[in-house]
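Let's take a friendly walk through this structure, from the whole chain down to a single helix. Have the model open beside you as you read.

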Amino acid sequence: MGLVVQKYGGSSVADAEGIKRVAKRIVDAKKNGHQVVVVVSAMGDTTDELIDLAEQVSPMPAGREFDMLLTAGERISMALLAMAIKNLGHEAQSFTGSQAGVITDSVHNKARIIDVTPGRIRTALDEGNIAIVAGFQGVSADSKDITTLGRGGSDTTAVALAAALDAEVCEIYTDVDGVFTADPRVVKKAKKIDWISSEDMLELAASGSKVLLHRCVEYARRYNIPIHVRSSFSGLPGTWVSNENPQGDEQVEHAIISGVAHDVSEAKITVVGVPDKPGEAAAIFRAIADAEINIDMIVQNVSAASTGLTDISFTLPKAEGHKAIDALEKAKSAIGFDSLRYDDQIGKISLVGAGMKTNPGVTASFFQALSDAGVNIELISTSEIRISVVTRQDDVNEAVRAVHTAFGLDSDSDEAVVYGGTGR
């Protein structure tokens, strides 16, 4: 038996009973002959509570101290889990991200992993122990300060450790039974997917599917780490995410559509009255990049012949909206646009599937389903395996259900269960 990395989300360790249940599952894996490394998130809503507490003390907490505060949640859960495992007669050692060798850049609150040196983890495993690692955190290579990887960063911690330790699999335990064709909270008849390609899962995660973090899937694809998404609340087999179909090539073209994802965490900025000449778009997006803001969809209108001006719209995380507005206002005189419009009441719906690039009619069926549901479209973006549109936020749930039904993805029974209530 080889080494496995298991990750448990906040809903799985939300209370003492949950921690005991997780400890038993970990010990069972150890009894089956595996070396086990466990990555754990903060208990329940601990991170949200710490964020609220910080905002009560300071409206704009310093990044370094904010990271120091937020990492406390994972340290609590890792220590409690190690205690619970010892009560079951097995040795466990807990490690912070820095002790586990998770090395990051110096960007507080959304650091990226640049290296993993798991020497202490290997020593613990060689001594026959179970290693418990605090997710979501690391240490800066330059400043040696504690850093956090951004929300959902425990998934990335787990995959990074799996790659560094050459694990057989990275098991992501959550409060749903696997990856579904849509969010189970929105589509009760969503189907569980037995296997999905890393490419399709990457698009779903980037489009708003919350069961796996986009960066986690990207890391796993790069290092060819199979991910097994399972529920910590049931014994069901879950979903495999990998570069190659474990059942062979005969099923590769079976599913045209993998799923429907949605995201209501984005906002739209429209730069009005941009001179239609070379360099203007570059200046706009340079200002956004210098503010360290990622953007998603971009649309530029046709230039008005009478004025030579155009409008450029783009979407970005809602949390970064006002920061982006400030950055553009500072560059207004250099760029020469007229005004800015900000809209945070939008939602994105995405249809994902590798089969769509070889099946004509998918695009027409997608837009027909939205039309039949009375949903108006504001922006459109496509790739070889994805179609995304922006609509009003109030229309998102109805649009997801309409598209899901139109492509025959509905299950015959309500099998999509969210045990912990969050979908993570």
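## What counts as buried

A residue counts as buried when its relative accessible area is under 20%. The model here is predicted, and that cut-off will be handy for the helix described further down.

## The chain as a whole

The protein chain folds into 13 helices and 20 strands. Its radius of gyration is 23 Å, close to the 22 Å that the globule rule gives for 424 residues, so the chain is as compact as a globular protein of that length. Along the principal axes, its C-alpha trace spans about 80 × 50 × 35 Å.

Of the 424 residues, 53% are buried. Contacts reach far along the sequence: among those between residues at least 6 apart, 76% join residues at least 24 apart.

## Surface and charge

About 18,800 Å² of the protein chain is exposed, with carbon and sulfur atoms supplying 49% of that area. As for charge, there are 40 positive and 58 negative side chains, and the centres of these two sets lie 3 Å apart.

## A look at helix α13

Which residues of helix α13 are buried? Within this helix, residues 396-406, they are Val396, Ala399, Val400, Ala402, Val403 and His404. An α-helix has 3.6 residues a turn, so residues three or four places apart point the same way.

The buried residues of α13 pack against two groups of partners: the strands β13 (259-263), β18 (346-352) and β20 (386-392), and the helix α12 (362-372). After α13 comes Gly408, which has a positive phi near 65°.

Note on methods. Residues numbered from 1 in each chain as written. Predicted model: local features only at pLDDT ≥ 70, side-chain atom pairs only at ≥ 80, totals over all residues. Heavy atoms only, no water. Helix = DSSP H or I, 4+ residues; strand = E, 2+ residues; numbered from the N terminus. Rg over C-alpha atoms; globule rule 2.2 N^0.38 Å. Buried < 20%, exposed > 50% of the residue type's maximum accessible area, 1.4 Å probe, protein only. Contact = heavy atoms within 4.5 Å. Areas by Shrake-Rupley, 256 points an atom, 1.4 Å probe, with all protein chains shown as cover. Lys, Arg positive; Asp, Glu negative; His and termini not counted. Charge placed at Lys NZ, Arg CZ, Asp CG, Glu CD.
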